[in-house]
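Reader: Could you walk me through the reasoning behind the labels used for this structure? I would like to see how each one is reached.

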Amino acid sequence: MVSALPHSSFSSSSFMTSSYMPGYAKLNKRGGAGGWSPSDSDHYQWLQVDFGNRKQISAIATQGRYSSSDWVTQYRMLYSDTGRNWKPYHQDGNIWAFPGNTNSDSVVRHDLQHPVIARYVRIVPLDWNGEGQIGLRIEVYGCSYWADVINFDGHVVLPYRFRNKKMKTLKDVISLKFKTSESEGVIFHGEGQQGDYITLELKKAKLLGSIYGHTSVMTGSLLDDHHWHSIIIERHGRNINLTLDRHIQHFRTNGEFDYLDLDYEITFGGMPFSGKPSSNSRKNFKGCMESINYNGNNITDLAKRKKLEPSNVGNLSFSCVEPHTVPVFFNDTSYLEVPGRPSQDLFSVSFLFRTWNPNGLLVFSNFADGLGNVEIDINEGKVSVHINVTQIKKNRIDISSGSGLNDGQWHEVRFLAKENFAVLTIDGDEASAVRTNSPLQVKTGEKYFYGGFPMQMNDSDHSLFQHSFQGCMQFIHVDDQLVDLQAVEQGKLGSFANVTIDMCAIIDRCVPNHCEHGGKCTQTWDIFKCTCDGTGYSGATCHNSIYELSCEAYKHLGKTSNYYWIDPDGSGALGPLKVYCNMTEDKVWTTVYHDLQPQTSVGGNSLEKLSVLQLNYSATMDQISAITSSAEYCEQFISYSCKMSRLLNTPEGNPYTWWVGKANEKHYYWGGSGPGIQKCACGIERNCTDPKYYCNCDADYKQWRKDTGMLSYKEHLPVSQVVVGDIDRPGSEAKISVGPVRCQGDRNYWNAASFITSSSYLHFSTFQGETSADISFYFKTSASDGVFLENLGNTDFIKLELKSAAEVSFSFDVGNGPVEIVVRSPNQLNDDQWHRVNAERNVKQASLQVDQLPLEVRKAPTEGHTRLELYSQLYVGGQRGFLGCIRSLRMNGVTLDLEERAKVTPGVKPGCSGHCTSYGMYCANGGKCVEKYNGYSCDCSKTAYDGPFCIKGKCFTQEDLVSRTLLSSTDPETTATDLNLNKEELSFSFSTTKSPCVLLYISSYTQDFMAVLVKPSGKQLLWALSIEGTTDNNTRLTCKIGKIDQDIYKYNTPGFTGCLSRVQFNQIAPLKAALRPTNASSHVHIQGELVESNCGASPLTIPPMSAATDPWHLDSGKVGFVPR
């Protein structure tokens, strides 16, 4: 588009000579000196092109000056409709700096990430070849653009009246573009007599959409910049897409109605004058709109052809009126110096500013004749004025006003000072203006500094305020005179450094909000920060869940049964929920509860034909679905107790009662049966009370009957409603019970693949992690290196690998060059044990953690590319290969099904064995780790303990006798040939308040015995051992607790009183065998009553009672010995 333009379409900040004029800056042209070069190579130079009318620009290309050492290595692109109020091109949330050339003649082209529409383009060189100077030739690519424009003056309203007086729509599409300098104003509005309405308006320079009267959504920011913004609203029923400047927000309206009822008209630019009184307080829109389209009707075209009748108030025109403001953009090294009227006795400044920083210098000026100075700052979001007075003892006057003024909005500051009086007013609020009558003499100086100071200025001339201002100012007045900033830019007035005049390049780094899961975003000029408190997530962008994914994961951290928070989809959209984790010996159960009380009564003289019982769970349906989807098995108990209230109306009738499950589907089977089978459990088992029916309740007896059972088709769970019928007859009654949802197993946690050849890998679809990516998995290997996974783009990539036996590497490139993070372990990672890897990359930082080693973090650059653009397939195992196992691979909250893909991939096998090498340590007290396909379990059969980790001991109370036949000549099947009776191991725990007593006694058919006693003092244990003769496989041993043989009868009281637990003699656990019936229980003989107790539980879960109130007054101990 540039090559055909005349020289008059080009302009520049300066040029060296006529041979270097901007008109020669055309790509591949050699006219003049072969391109444009300014008179000085500094950061205040620019080259500008005027296309004559608006164009849609899609790409830009540059060259250096022909056959020279002059080329630009980095530049910015600004654009405008008017040649004023410039806007810098943004990309990836930053003011973009384009990479330029590396020589004078090669062409470097950049396709814009998003097209821009403008008449003027300005190129601002940022850096250039150090051995030459600025030299530039350019080309801009795009196409023509045309649109009808309407100017709204803040009073006029444009109505579009419907052909029918009422419009009832299921679908709506509304699109338009707007630009404005105002932060408030109604863009369009429609309403109906039934209360429906739809409104789109600006509130604090953000876009607020309201629909149906009870759903609102806010998006965007800084929309009062007088640049074009595009809006598209697509509604289908209650589902709405709101697109603002390419950012799409999906939401669903509240309520139950899909249709939008509007009456008579929809108005653009404001509220209708016939609108409700409450709407009159809203401001009308002031600015320009173009390409207004409502459900296929071109509103701007209709208005231009005078097919629409604007309101009588105000003026509607078809050319955009531009504001007269000239903003100034400051960075942290900027200042603007403007002259004032010296030696006046009235000091007066006013201006508008906007910033995100809580601190910064706004204005500074010295009084004449050494009378002091005035400094105006923004300090912690307030505007503060400091007047240093030199002629009196109290040499400083401080006043401040406002709060939260670093919110990115425009704020007005007016300050006036004269003899013995000063006043500070913020945003024109005279009522809250701050005044002072302190002694003061005023005589204005010659210079006023905005935003900072010149480097050469003497420190004694100003205060020690350290923060320069970063932000924008406009409408700068000094001594009641508006400063001509264009004259300042041209060097005719004052001076400046590192400011940009006629541009406000403020960016809202919190829109779109990169803080996930409800994290709160705060920002300064350069950075944003996420506060994750109370969200259940952590990290720089609140991306990572602080909870485990499932109860299975908690078990493998050694946790016991309890309530835990879990997050089934990790970093996904679902939030955490609290569940009960029941860790049994061989399974882990996850339980989710609801609020329906057991045996809830329905019927009983009810006039209602149907009774609907709603179950409200402690989690959302989506959260429960995530649990059931990953579980191996789920169940939910359901019970129907009836008296003259039929259930399923079997054998062939329509059911009276049904339940509603996942996805609001009705189900007509009952507990103990299955989908498609209209039967109860008794119908399946053929034991119903009346064999003619398939449910007990269908017999319609006057006596109470019951149908119960488990619902175990997990794709239908949970039960959300039970609808009960047949309760409207006299005498009809029913009671409903529904248990909690219980699921066991976690297929995601154990989903694994074994890579058995170095060339094998699994492939999946491209990983979608443009601005936020997290990857977690477990691996085990004996190899010293290998690639876990990788995904490639054109130049972007992401890769995780084992670099050496003790190093894991996370590397990626998002366009700023390769980045690598390495975690080095003090121990070998190729030890064939499971190790956990967590990697994350977002717009703030990247991190890598291995097991519990310290987290390695790499900050992202403050400016540069932020989007990870990948195109190839995702390779797990890597194309360079990995030997070993990978398990539980999750990427952005989604588990990859390694097992399913491994089934059809050569060189890879589903599953992975060898879990006990990593988790066997959790099997305590001699428990044996047993390998399972999905995990492991602890075999506690050879110990005195049980529970999932063999840590729960068995104990009893009162006076009992337990004896066990160990080796009996009468029971040869119990003979153990490998038993070594040259060594015995005995252990137990006890507590008692009685002494003396016998704790344990072991005897044999010979005179050999073993005993442990508490001596009469109660302060010592006595153990006795007598061995006589030898033993063989026919020796009978008896273990007795309580009453004993005559040899030590003198130590015996009427019986042992107290608590014994965890009793084990060699491989024999008599208490456990007695309390947990197994095949071994037939050899346990009990005299008296044996009562199981938790008196031996350890550790205590409640504080101990005082000796005065505790009937046991426990003194506990544990003894274990090996006689030699």
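Reader: Thanks! To begin, why does Y547 count as partly exposed?

Author: Happy to help, and please keep in mind that this is a predicted model. Y547 has 24% relative accessibility, and partly exposed covers what lies between under 20% for buried and over 50% for exposed. Y547 therefore counts as partly exposed.

Reader: What makes Y547 and W565 an aromatic pair that is stacked?

Author: A pair of aromatic rings is described by the distance of the centres and the angle of the planes. For Y547 and W565 the value is 5.9 Å centre to centre, and rings pair if their centres lie within 6.5 Å. Their planes are 25 degrees apart, and planes under 30 degrees apart count as stacked. In sequence the partners are 18 residues apart, with Y547 in the loop between β40 (544-545) and α3 (551-555) and W565 in strand β41 (residues 562-566). Like Y547, W565 is partly exposed, at 36% relative accessibility.

Reader: And why is the pair of W659 and Y669 called edge-to-face?

Author: Here the planes make an angle of 80 degrees, and over 60 counts as edge-to-face. The centres are 5.5 Å apart, so the pairing cut-off of 6.5 Å is met. W659 belongs to strand β47 (residues 658-660) and Y669 to the loop between β48 (666-667) and α5 (681-685), so the pair ties together parts ten residues apart in sequence. Both residues are buried: W659 has a relative accessible area of 0%, and Y669 has one of 3%.

Reader: How do you know that C515 and C530 form a disulfide?

Author: Their sulfur atoms are 2.0 Å apart, and a disulfide needs two cysteine sulfur atoms within 2.5 Å. This pair links distant parts of the chain, 15 residues apart: C515 sits in the loop between β36 (495-501) and β37 (520-523), and C530 in strand β38 (residues 528-531). With relative accessible areas of 6% for C515 and 10% for C530, both fall under 20% and are therefore buried. By the same distance rule the count comes to 13 disulfides.

Reader: What makes the disulfide of C515 and C530 left-handed or right-handed?

Author: The torsion about its S-S bond is about -85 degrees, so the disulfide of C515 and C530 is left-handed. For C682 and C688, joined with an S to S distance of 2.0 Å, the torsion is about 85 degrees, so that disulfide is right-handed. The disulfide of C885 and C912 has a torsion of about 80 degrees, so this one is right-handed. C885 lies in strand β63 (residues 884-891) and C912 in the loop between β65 (908-910) and α7 (916-919), so parts 27 residues apart in sequence are tied together.

Reader: What makes three residues in the lining of the largest cavity polar?

Author: The lining includes T199, G209 and S210. Gly is counted among the polar residues, and Thr and Ser are in neither the nonpolar nor the charged list. By class, the lining has nine nonpolar, three polar and no charged residues. This cavity has a volume of about 100 Å³, and β14 (197-203), β15 (206-211) and β18 (239-244) each give two or more residues to its lining.

Key. Residues are numbered from 1 along each chain as its sequence is written. This is a predicted model: local features need pLDDT of at least 70, side-chain atom pairs count only at pLDDT 80 or more; totals for chains, interfaces and linings use all residues. Side-chain values use heavy atoms; hydrogens and water are left out. Helices (H or I, at least four residues) and strands (E, at least two) are DSSP runs, numbered from the N terminus. Buried means under 20% relative accessible area, exposed over 50%, partly exposed in between (1.4 Å probe, protein chains only). On a 1 Å grid over the protein atoms alone, a cavity is a set of points where a 1.4 Å probe fits but cannot get out, and a pocket is an open set with protein on both sides within 12 Å along at least five of seven lines; lining residues have an atom within 4 Å of a point. Grid points are joined across faces, edges and corners, and a volume is the space filled by probe spheres set on the points. Rings of Phe, Tyr and Trp (its six-membered ring) pair if their centres lie within 6.5 Å; planes under 30 degrees apart count as stacked, over 60 as edge-to-face and the rest as tilted.
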